[in-house]
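Welcome! Here are a few short exercises, each with a worked solution. Take a look at the structure, try each task, and then read on.

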Amino acid sequence: MKKRSVTLLVVFCLVLALIPLTIGVIGTGSAAAPAPVKEVLYQSSNGQAVIDATYVANGYVKVKFNPGIDVKTKVIIKGPDAVKYTYNLNSKGNYETFPLTAGNGKYTVGVYKNVSGTSYSTMLSKEITVNMPDQFAPFLNPNQYVNYSADSKVIALAAELAGAETTELGKVEKIYHYIITNFTYDYDKAATVKSGYLPNVDTTLAEKKGICFDYAAVMSSMLRSQGVPTKLVVGYAGTQYHAWISVYTKENGWVESVVFFDGNTWKLMDPTYASSGYVEYANNAANYSQKYVY
C-alpha cells in the first residue's frame, strides 16, 4: 500500500534570517572527496577557515572561521538537488553545524568573507562526496537552526512528555499538544526581530512564547531527540514566508498533511496558528509550498 504523507506546520512570520542571500563571490574553490570514517579537515591557506567533513555520513558538516576581527561571513552549501543554502557564520572561531539535506551525492561547501557591500571573497571551498547509510541522519541531529544538546531543557521535557510512548505519531501528538497549549505567539518580537536571528530553544521554553521560527525549532529539537526524523521546512503560506515541520513514521512515511489525532485520523494543523486560534487557515494544505529543508 502506498505510504501517505502528513505535515506539521509552523508559521515563520517573515524571519529574513532563513532567506538565502545573493552575494557577489570573488574567487574559486577546489574539489576533494573525504574519507567518511576518519577525521577529515579542510583548511584555508591562512588557517582561518576550517571545514570539518568528518561526520558527513551522519548528515552534517561543521564549519568555523577565525579571522581575528569581526566580519560578516557566509557558508554556502549546494547539494545534488542544486538548491543553494546560504547561512550566516560567526567569526569567533567556534564550530557551527550545517545539515546535508539533499541526500547522497556531491556537495559543495564554501566559506566566504565580506569585503564590501554584497561582495564576498572565497576563503575556502570544497566538493565533498556524501554517502549516508541512514537517509534520516540529517533530520535526527542538531544543526544551526535546530540547535540543542544532551543538556538542553527541551530534551529533558521531550523525554518526560513522551514517557512510555513508543510510536512516532504518539510522540508527535503529545509534544504538539503541549506546545499549542502552553506557548503563545510573541507579536512584539515578531515586529522587531532582526535578520540573522537564530532561536534559543531553552529560552523559548522558559518564556513559553516565541515567533514561528521558535515554535518550529523547539518542536524539531524535541522530536529529533526522541528518535523521530523531523524536517524543519521553509516555504510560503500564500505570499508570506513560513517555517513548518514534517515528521517520518514507519507506518505512514513522511507525515506531511496532518498534525493532531482525533481518535481516528490525523488533521492538518499549524501549531502557531492552532495556538492562536486560526484553525481554518492551518487546515488547508494548499496554503503551503516548500522551498528549503533543514
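## Exercises on a predicted model

**Exercise 1.** Describe the open sheet: find the order of its four strands and how they pair.

*Solution.* Start with the order: the strands of this open sheet follow one another as β2-β3-β4-β7, with antiparallel pairing. Next, look for strands that pair on one side only; these edge strands are β2 (41-43) and β7 (96-99). Finally, consider the twist: ignoring direction, neighbouring strands of the sheet are turned by 25 degrees against each other on average.

**Exercise 2.** Zoom in on β2 and find how many bridges join β2 to β3.

*Solution.* Strand β3 covers residues 49-52, runs antiparallel to β2 and is joined to it by three bridges. To see one of these partnerships, pick L41: its bridge partner in β3 is D52.

**Exercise 3.** Decide whether V111 is buried or exposed.

*Solution.* First locate the residue: V111 sits in strand β8 (residues 105-116). Then check its relative accessible area, which is 0%; V111 is therefore buried, because the cut-off for buried is under 20%. Now list its contacts, leaving aside neighbours within four places in sequence: among them are A49, I51, V63, F65, L89 and M123. For a distance across the chain, take S44: 67 residues separate it from V111 in sequence, and their C-alpha atoms are 9.3 Å apart.

**Exercise 4.** Find where the pLDDT is below 50.

*Solution.* Begin with the whole protein: the average pLDDT is 80, and 75% of the residues score at least 70. One stretch below 50 is residues 1-36, which has 136 contacts in the model beyond near neighbours in sequence. Another is residues 257-275, with 77 such contacts.

Key:
Residues are numbered from 1 along each chain as its sequence is written. This is a predicted model: local features need pLDDT of at least 70, side-chain atom pairs count only at pLDDT 80 or more; totals for chains, interfaces and linings use all residues. Side-chain values use heavy atoms; hydrogens and water are left out. Two strands pair if DSSP finds at least two bridges between them. Helices (H or I, at least four residues) and strands (E, at least two) are DSSP runs, numbered from the N terminus. Axes are lines fitted to C-alpha atoms, for helices over the stretch in contact, and angles run from 0 to 180 degrees between N-to-C directions. pLDDT is the predictor's confidence in each residue, from 0 to 100. Contact means heavy atoms within 4.5 Å. Buried means under 20% relative accessible area, exposed over 50%, partly exposed in between (1.4 Å probe, protein chains only).
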